[in-house]
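Welcome! Take a moment to look over the chain below, and then we will walk through a few of its residues together.

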Amino acid sequence: MKKVHLLILKSFIRPFVVTFFIVMFVLLMLFLFKYIDDLIGKGFEWYIILELMAYASMTNVAMALPLSVLLSSIMTYGSLGENYELVAIKSAGISLTRAMYPMMVVVTLLSIGAFIFSDYMLPIANFKYFSLLYDVRQQKTAFLISEGVFNSSFPGYSIRVQKKDKDGQTLHGVMIYQKPENSNEMTVTKAKEAAMYRTPDDLFLVLKLKDGIRYEESAPPGSFNSRQRLMRQRFASSEQKFDLGGFKLKRTDANGWRNTIQMMNLKQLTHFQDSSIRKLGSENSTNYSLVTPYIRYFSVPKKPSVSLDSLKPVAAKPIKGIPLETALTNALNEANSVHESLRTLGDRYKEESKNIRKFSIEYQKKFTLSAACLALFLVGAPLGAIIRKGGLGLPLVVSVIFFLIYYIISTIGEKSVKEGSMSPVVGMWMAIAVLTPIGIFLSYKAANDSVLFDMESYKRFFNKLLKYRKAGATQPPR
């Protein structure tokens, strides 16, 4: 038994590691395709992009781990079946269920590790990832001078170059427009040639202009009809400095991300969810007590409610000292005011309820990742034993189909929970509840050497069925 267990474990570990890194690489490529425009041309250091990719990879574990378990389990048992090793194991008196024991232990340990990762490491990874991604996307594009294009990267300046040499530093036909904000002054500088370089501390970009002319136009502030002044100055050599401080990566205060749901563990989610529920209940009671005294022309139920259907109009009666028309007008104005107040309170109640459901969704996700690894292994192992195909061909196709089923059901359940049409427990565990019976059914079929995916058996069955129908038989073949 020890040799059999070691054989199965060795057959599983290598495909699992390979498929896990392949899936992580594919998901990382999708991340780069999505944010490639935010990363290129901004002058980031190599370690900034590497750090962002590392955090993005950690956030993809929740999707890569279940898919890797499913694919590697199909590949493992499919390869064993293709090489008739499963037949040898069964001929030695070892059932498939018993041969799956070491794999169940390994996948259980993986599930426990996935839960620890999702509760302790994933919130930190999300915190680092979202804060760094926000700063990267807010970063300005690095200053690049292109031929025949006005560049406005520097505030108050617009620069145009007719031609740039291959060295990337010599410029021809330079034109610089300068107009400071909240100022009537404007300066236009033209030069036949310029040399571009950065200062050693990389704080300024310097344009050393040659053989040019500068026009300065100004007018006194607040004098629309006053005469403008124009000054022209020729120069043989001049320098123009531009501050590069705005092109450095500026990190925002990361503490603002601490209260985001994705950055919380189980303890924090429970605390914030309970606090939100108590706060919502207190606000409802307070709002009802504030609105109730102002409702004079409607009968109000005793139980607190923000539903407009609970307000029933009372028959109009004349009020002593007040004309009936005036009383009705005041009642209509007050009813409209109460209607708008209740509508606002109702919208706020829906939004707060949605936030509470988000806490529940994230809470359940901590457990569904571990359960998904077990459920998909329960599907993949017997499925591989049935199809008896190894490699990345048929197992990849089958694993993608089952993973899409799992992902689609999970997405539908999560959206239903967010909309409030389904309980958080039911919605988040719906995919697991669908796949687990399928895994049990496949395990039963694999243990009994079922020909579930043998097309020849289905062809023989339908041929016999057609033959019996032609012969006029009323009973289908057994």
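Leaving aside neighbours within four places in sequence, which residues is threonine 170 in contact with? The partners are Lys163, Lys164, Asp165, Glu193 and Ala194. Bear in mind as you look that this is a predicted model. Threonine 170 sits in strand β2, which covers residues 170-178. Is threonine 170 buried or exposed? Its relative accessible area is 18%, and because buried means under 20%, threonine 170 counts as buried.

Let us move to a second residue, serine 399. You will find serine 399 in helix α9, and with a relative accessibility of 0% it counts as buried. If we again set aside neighbours within four places in sequence, serine 399 is in contact with Leu67, Leu70, Leu71 and Ile74.

Aspartate 211 makes a nice contrast. This residue belongs to strand β4 (residues 204-218). Aspartate 211 is not a glycine, yet it has a positive phi of about 55°. Its relative accessibility is 43%, so it counts as partly exposed.

Here are the three residues side by side:

| Residue | Element | Relative accessibility | Class |
|---|---|---|---|
| Threonine 170 | strand β2 | 18% | buried |
| Serine 399 | helix α9 | 0% | buried |
| Aspartate 211 | strand β4 | 43% | partly exposed |

Now for the nonpolar cores. The largest one has 51 residues, and Tyr77 and Phe377 have the most contacts inside it. Several elements give two or more residues to this core, among them α1 (2-39), α3 (61-82), α6 (101-138) and α9 (394-419). Which element gives the most to this core? That is α8, with 13 residues.

Tyrosine 77 deserves a closer look. Not counting residues up to four places away in sequence, tyrosine 77 touches a list of residues including Ile8, Leu86, Leu96, Met103 and Phe377. Apart from this core lies another, of 15 residues, and Leu171, Ile176, Leu207 and Phe242 are among them.

Finally, how confident is the predictor? The protein chain averages a pLDDT of 76, and 76% of the residues score at least 70. Confidence is highest in α10, at a mean of 87, and lowest in strand β6 (residues 298-299), at 48. Over residues 296-306 the pLDDT stays under 50, and the model has 27 contacts beyond four places in sequence for that stretch. Where pLDDT is low, the predicted coordinates should not be read in detail.

Note on methods: Residues are numbered from 1 along each chain as its sequence is written. This is a predicted model: local features need pLDDT of at least 70, side-chain atom pairs count only at pLDDT 80 or more; totals for chains, interfaces and linings use all residues. Side-chain values use heavy atoms; hydrogens and water are left out. Helices (H or I, at least four residues) and strands (E, at least two) are DSSP runs, numbered from the N terminus. Buried means under 20% relative accessible area, exposed over 50%, partly exposed in between (1.4 Å probe, protein chains only). Contact means heavy atoms within 4.5 Å. A nonpolar core is a set of buried Ala, Val, Leu, Ile, Met, Phe, Trp, Tyr and Cys residues joined through side-chain atoms within 4.5 Å. pLDDT is the predictor's confidence in each residue, from 0 to 100.
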